[in-house]
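Here are my notes on this model, point by point. Please keep the structure open while reading.

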Amino acid sequence: MTIPTKPIFFVLLISFSVIKNYAQTISLKDAYKNSFMIGTALNASQIEERDSNAAKIITHEFNAITPENSMKCEVIHPSWNTYHFEQADKLIAYGNKNKIPIMGHTLVWHSQLSGFVKNIQSADSLSLFLDQHISTIAARYDGKIFSWDVVNEALNEDGSMRNSIFLQKLGPNYVVDAFRIAQKAAPKTELYYNDYNIEQPQKRAGAINLIKKIQAAGVRIDGVGIQGHWQLGHVPFKDIEESIEAFSKLGIKVMFTELDLTVLPNPWDVTTADVNMKAENNAYFNPYPTGLPDSVEQMFTKDYVQLFALFQKHKKDVFRVTFWGVHDKQSWLNNWPIFGRTNYPLLFDRNYQPKEAYYKLISITK
Ligand code: XIL
């Protein structure tokens with residue numbers, strides 16, 4: 001057979017081999033199986049398997065799943081004596097069916113709280129809520145899920161305790177109390193502290209103090225989750241490496257629990273993942289409504305590769321890396337901190353196709 005030398009032939013050959021590879025063999029979870037778990041966050045439509053394109057990616061690529069919203073207070077516990085377990089129960093069924101461990105998110109958080117909790121006036125009532133909320137939910141899913149983010153985002157950027165309703169009414173020991181209640185209700189479930197920016201030195205020091213305080217009280221904490229909502233071109237590699245080292249010295253698992261890389265301009269000078277911060281949309285802040293320029297895509301690939309090379313270097317201490325979503329179209333970063341933008345933070349694009357970064361992350365494991 002004579003091989004045609006026309007360029008189009010080679011283009012077809014390359015595209016065919018890429019597609020063939022994706023469909024047939026490789027997956028992130030297999031490529032990293034000797035290093036760490038690779039997770040994703042699922043929204044309600046994915047848990048209910050209404051997103052059929054995403055469904056194929058989820059079971060092929062990931063060996064850990066986190067509910068993006070289904071276990072948050074406002075969804076699961078809307079009023080004092082009402083629990084809506086439907087979505088969370090569906091997640092358990094989905095995890096069982098597909099044999100994927102579930103990472104619970106989250107028991108105690110100041111955001112996405114139900115209205116009745118925000119209106120609680122007395123310390124006694126809030127303490128009762130904390131006890132009932134954690135005990136009921138953690139006991140129901142003990143032995144059915146792998147872990148809980150027991151407390152999410154209890155710290156300020158300077159490492160001090162965030163002035164949440166919990167701190168105001170219960171004082172700084174509420175975090176230890178939350179872990180104590182969870183430990184009793186869920187002896188078979190791993191218990192984690194989760195926060196954003198805790199790779200940064202000051203906030204990291206606050207997280208280390210908090211974890212040591214839980215340990216000193218004789219209460220179980222099994223791991224720490226660094227959320228990992230970072231910005232393209234500004235990934236804090238050095239801080240991340242120092243954090244893996246510092247947190248693992250505490251004898252707990254280190255995880256990256258909500259990874260995504262925004263490619264869009266930040267409306268503020270600070271890096272944050274505070275879900276309550278909002279800004280106005282305009283063309284400047286939404287520069288790529290129809291597609292990502294090649295130059296930005298290349299930076300995106302480079303940052304992800306450098307990040308995973310770092311995770312690989314520390315695979316002994318990194319237990320899991322979870323992406324905050326399956327594909328770009330569903331990402332919360334299309335609507336936060338500015339509503340209605342077009343962002344490109346994940347490894348699968350709007351058409352559910354794997355990006356260049358996806359293949360590179362697999363190839364660096366070989
Ligand atoms: C986000 C979800 O992705 C959105 O769908 C929701 O509207 C707001 O919360 N830190 C966390 C996550 O711990 O729970 C947040 O998830 C993103 C920031």
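1. Start with Trp148. This is a predicted model. Leaving out residues up to four places away in sequence, Trp148 touches Met71, Gly104, His105, Thr106, Leu107, Ile137, Ala138, Tyr141, Thr189, Glu190, Leu191 and Tyr192. Apart from that contact list there is a second, separate core of 9 residues, which includes Trp109, Ala273, Trp324 and Trp336.

2. Now the main core. The largest nonpolar core has 105 residues. Seven names stand out for touching the most other members: Tyr141, Trp148, Phe179, Phe247, Phe256, Tyr304 and Phe308.

3. The ligand site comes next. The ligand is surrounded by 15 residues, and the closest are Glu68, Lys72, His105, Glu258 and Trp324. Trp324 is also a member of the second core. Side-chain N or O atoms lie 2.7 Å from a ligand oxygen in the case of Lys72. For His105 the value is likewise 2.7 Å, again to an oxygen atom of the ligand. The side chain of Asn152 places an N or O atom 3.0 Å from a ligand oxygen. On its own the ligand has 420 Å² of accessible area, and the protein covers 84% of that.

4. His105 deserves a second look. A cis peptide bond joins His105 to Thr106, with omega about 0°. Thr106 belongs to strand β3, residues 103–108. Both His105 and Thr106 are in the contact list of Trp148.

5. There is another cis bond to check. The peptide bond from Trp336 to Pro337 is cis, and omega is near 0°. Pro337 sits in the loop between β9 and α14 (356–363). Trp336 is among the members of the second core. Most peptide bonds are trans.

6. Two residues have a positive phi without being glycine. Glu49 has phi near 55°. Its place is the loop between α3 (44–47) and α4. With 38% relative accessibility, Glu49 counts as partly exposed. Lys99 has a phi of about 55° and lies in the loop between α6 (86–98) and β3. Lys99 counts as exposed, because its relative accessibility is 72% and the cut-off for exposed is over 50%.

7. Which residues of helix α4 (residues 52–61) are buried? They are Ala54, Ile57, Ile58 and Glu61. These four cover an arc of only 100° around the axis, so they lie on the same side of α4. The spacing fits the general rule: an α-helix has 3.6 residues a turn, so residues three or four places apart point the same way.

8. Thr322 is in strand β9, residues 318–323. Is Thr322 buried or exposed? At 0% relative accessibility, Thr322 counts as buried. Its side chain makes a polar contact of 2.9 Å with the side chain of Arg320. Beyond four places in sequence, Thr322 touches Gly39, Thr40, Ala41, Thr66, Phe256, Thr257, Glu258 and Leu259. Two of these names recur: Phe256 is listed for the largest core, and Glu258 is one of the closest residues to the ligand.

9. Last, Val176. This residue is in helix α10, residues 174–185. Val176 has 5% relative accessibility and therefore counts as buried. Setting aside neighbours within four places in sequence, Val176 is in contact with Lys213, Ile214, Ala217 and Val219. Between Val176 and Trp332 there are 30 Å in space, C-alpha to C-alpha, and the two are 156 residues apart in sequence.

How values were computed:
Residues are numbered from 1 along each chain as its sequence is written. This is a predicted model: local features need pLDDT of at least 70, side-chain atom pairs count only at pLDDT 80 or more; totals for chains, interfaces and linings use all residues. Side-chain values use heavy atoms; hydrogens and water are left out. A nonpolar core is a set of buried Ala, Val, Leu, Ile, Met, Phe, Trp, Tyr and Cys residues joined through side-chain atoms within 4.5 Å. Buried means under 20% relative accessible area, exposed over 50%, partly exposed in between (1.4 Å probe, protein chains only). Contact means heavy atoms within 4.5 Å. The arc is that of the directions from the helix axis to the C-beta atoms. A residue is near a molecule or strand if one of its heavy atoms lies within 4 Å of it. A polar contact is a pair of N or O atoms within 3.5 Å; within protein, one must be able to donate a hydrogen and the other to accept it, and residues adjacent in sequence count only if both atoms are side-chain atoms. Accessible areas come from the Shrake-Rupley method with a 1.4 Å probe; for residues, only the protein chains shown count as cover.
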